[in-house]
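Please read the following walk through the structure with the sequence and coordinates at hand. The text takes up charged contacts, aromatic pairs, a surface patch and a few backbone details.

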There are 2 protein chains.
Amino acid sequence: MLSIVGLGPGPGYATEAALRAIREADCVFYEDYTGPLDLETLRRAAAREPVRLTRRDLEDESGRAVFDCLREGKKAVLVTAGDPALATSHHALVALAAARGYKVRVIPGVSIICAAFSVSCLSIYKLGGVATVTYPRGGVYSLRPYELAEHNLQRGMHTLLLLDVREDGSFMPLRDAAEVLLTLEERERRGVFTPDRQAVAVQRLGWGGSLLYTTLSRLKDTEAEGPAVLIIPAKLSPVERECLEAAAGTQL
Amino acid sequence: MLSIVGLGPGPGYATEAALRAIREADCVFYEDYTGPLDLETLRRAAAREPVRLTRRDLEDESGRAVFDCLREGKKAVLVTAGDPALATSHHALVALAAARGYKVRVIPGVSIICAAFSVSCLSIYKLGGVATVTYPRGGVYSLRPYELAEHNLQRGMHTLLLLDVREDGSFMPLRDAAEVLLTLEERERRGVFTPDRQAVAVQRLGWGGSLLYTTLSRLKDTEAEGPAVLIIPAKLSPVERECLEAAAGTQL
């Protein structure tokens, strides 16, 4: 059996089900390229030393090490940060394991997508979609965050923006994300990511980070390193505003 | 200090941070009207017998019992199912406590909204919004699920539907939700909730429930009781389809 297990956004967010699956596994694998993994909790729960898999191991080599374990009739677990199957990264592994006749289960973890809304008091009913802010590839910027936020602002919906991972595996800091968004505005000029656009930044949740509610131009000067996510809120309801203003600045 | 703590969708999904906050609290309150609470885990973690608060206690009386505890300089915790602050129910309490000068923290839990996407292998990047399927009030049906799903299907986005709570506090079963959606189609006739529309039902996650991938007309004949959520998927990518078909029918 293969279990795909999420440890949540940071220390303290592992669930009992996740810890049990790790403890009972014969082979413990993890990846830390889709999010910031709480390796200390993982090591404490695992009966043996966890084995790190790279994006190349899991994608280009289709998780060969995982299948080597499963073929011997053993229990394998793949541990990730956050929720393990929310992005599409591990769907191919689930499908492949099932096609090869192995039992697969996904153990959901606390996802930064839902948690970011929760800690900032924004209504999930107003979540209009999720996009990723990426560094330009070969000088080309992805317009998806711009187009999604534009569409959502017109409808009164909030936009959640995940931040890119750098080539070296580190996470895009907030100042770089703000700079990308402001650059998109300079090019598109439709009033979406203006310097005075308010944004909510959820930075290092579970790792002693903080919640910021400020403008894009101020975010460009933030020193804090990643991981973080951004929400571009549409018009706030009175209770959203009161609650968000109370939460802003608190440690996460 | 007031902590608002989520226990996740069902047994096994409590996080270490949630259990610690409950253990350390002087006054432990809970509510079970926004979701199915794992009372056994709560009782095991709490140092004293948890006190149940009704919607009336929290909304009409603004959480008076909670403030009675805080006023004595004690630590209060309010425990909910799922993620505690994702819906808007407890935002007013956070805002009120902060306005009265108390420190407040929200401890996010595993939310059914993110977990439903995760266990069914659907891409969160294609989440186009969240609505609730409600029983008619005074003969009037809410059109919000219909309009949101229509908008999302046109854009290739998935729609997440939460299900209503009955007057007696029980959760709307899937068959009733399917019936409401089919009734909306009979009235609107724009091809959104047709009998052969495919839906993903995540039923009793964490409580030995299951994942169904079937049509609305078949869901109308499902015996299973709630709690459940529905996803109306737009066109699936090949990997979403493969992974969802592998996951369908599994126990949750």
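A residue is called buried under 20% relative accessible area, exposed over 50%, and partly exposed in between, with a 1.4 Å probe and protein chains only. By that rule Glu188(A) is partly exposed because its relative accessible area is 24%. The model is a predicted one, in which local features need pLDDT of at least 70 and side-chain atom pairs count only at pLDDT 80 or more, while totals for chains, interfaces and linings use all residues; side-chain values use heavy atoms, with hydrogens and water left out. Residues are numbered from 1 along each chain as its sequence is written, and chains are lettered from A and ligands numbered from 1 in the order in which they are written.

Glu188(A) leads to the charged contacts. A salt bridge is a side-chain nitrogen of Lys or Arg within 4 Å of a carboxyl oxygen of Asp or Glu. Over all chains, the search of the whole structure finds 28 salt bridges. Glu188(A) makes one with Arg190(A), where the closest N and O atoms are 2.8 Å apart. Arg190(A) also meets the side chain of Glu150(A) in a salt bridge, at 2.7 Å from N to O. Arg190(A) sits in the loop between α8 (174-188) and β8 (198-203) of chain A, and Glu150(A) in helix α7 (residues 144-155) of chain A, so this pair ties together parts that are 40 residues apart in sequence. Helices (H or I, at least four residues) and strands (E, at least two) are DSSP runs numbered from the N terminus. Glu150(A), Glu188(A) and Arg190(A) are thus named together as a network of salt bridges. Within it, Arg190(A) is partly exposed at 40% relative accessibility, whereas Glu150(A) counts as buried at 16%.

Chain B offers another salt bridge, between the side chains of Glu225(B) and Arg175(B), at 2.8 Å from N to O. This pair links distant parts of the chain: Glu225(B) is in the loop between α9 (216-219) and β10 (228-232) of chain B, Arg175(B) is in helix α8 of chain B, and the two are 50 residues apart. Glu225(B) is partly exposed at 40% relative accessibility, and Arg175(B) is partly exposed at 23%.

Next come the aromatic rings. Rings of Phe, Tyr and Trp (its six-membered ring) pair if their centres lie within 6.5 Å; planes under 30 degrees apart count as stacked, over 60 as edge-to-face and the rest as tilted. The count by this rule is 4 aromatic pairs over all chains. How are the rings of Phe67(A) and Tyr102(A) placed? Their centres are 6.1 Å apart and their planes stand at 45°, so the pair is tilted. Phe67(A) belongs to helix α4 (residues 64-71) of chain A and Tyr102(A) to the loop between α5 (91-99) and β5 (104-107) of chain A, so that distant parts of the chain, 35 residues apart, are linked. Phe67(A) counts as buried because its relative accessibility is 1%. In chain B, Tyr146(B) and Phe193(B) form an edge-to-face pair, with 5.5 Å from centre to centre and 85° between the planes. Tyr146(B) lies in helix α7 (residues 144-155) of chain B and Phe193(B) in the loop between α8 (174-188) and β8 (198-203) of chain B, 47 residues apart. Both Tyr146(B) and Phe193(B) are buried.

On the surface, Arg20(A), Arg23(A), Lys75(A), Lys103(A) and Arg105(A) form a positive patch. Patches are made of residues with over 30% relative accessible area and no salt bridge, like charges being joined within 9 Å and nonpolar side chains (Val, Leu, Ile, Met, Phe, Trp, Tyr) within 5 Å. Lys and Arg count as positive and Asp and Glu as negative, without His and the chain ends. Arg23(A) lies in helix α1 (residues 16-24) of chain A and is partly exposed, with a relative accessible area of 49%.

Two backbone angles remain. Most residues other than glycine have a negative phi. Arg189(A) has a positive phi, near 55°, and is found in the loop between α8 and β8 of chain A. Arg189(A) is exposed at 66% relative accessible area. Cys121(B) also has a positive phi, near 65°, and lies in the loop between α6 (112-119) and β6 (127-133) of chain B. Cys121(B) counts as buried, at 2% relative accessibility.

Key:
Accessible areas come from the Shrake-Rupley method with a 1.4 Å probe; for residues, only the protein chains shown count as cover. The place of a charge is taken as NZ of Lys, CZ of Arg, CG of Asp or CD of Glu.
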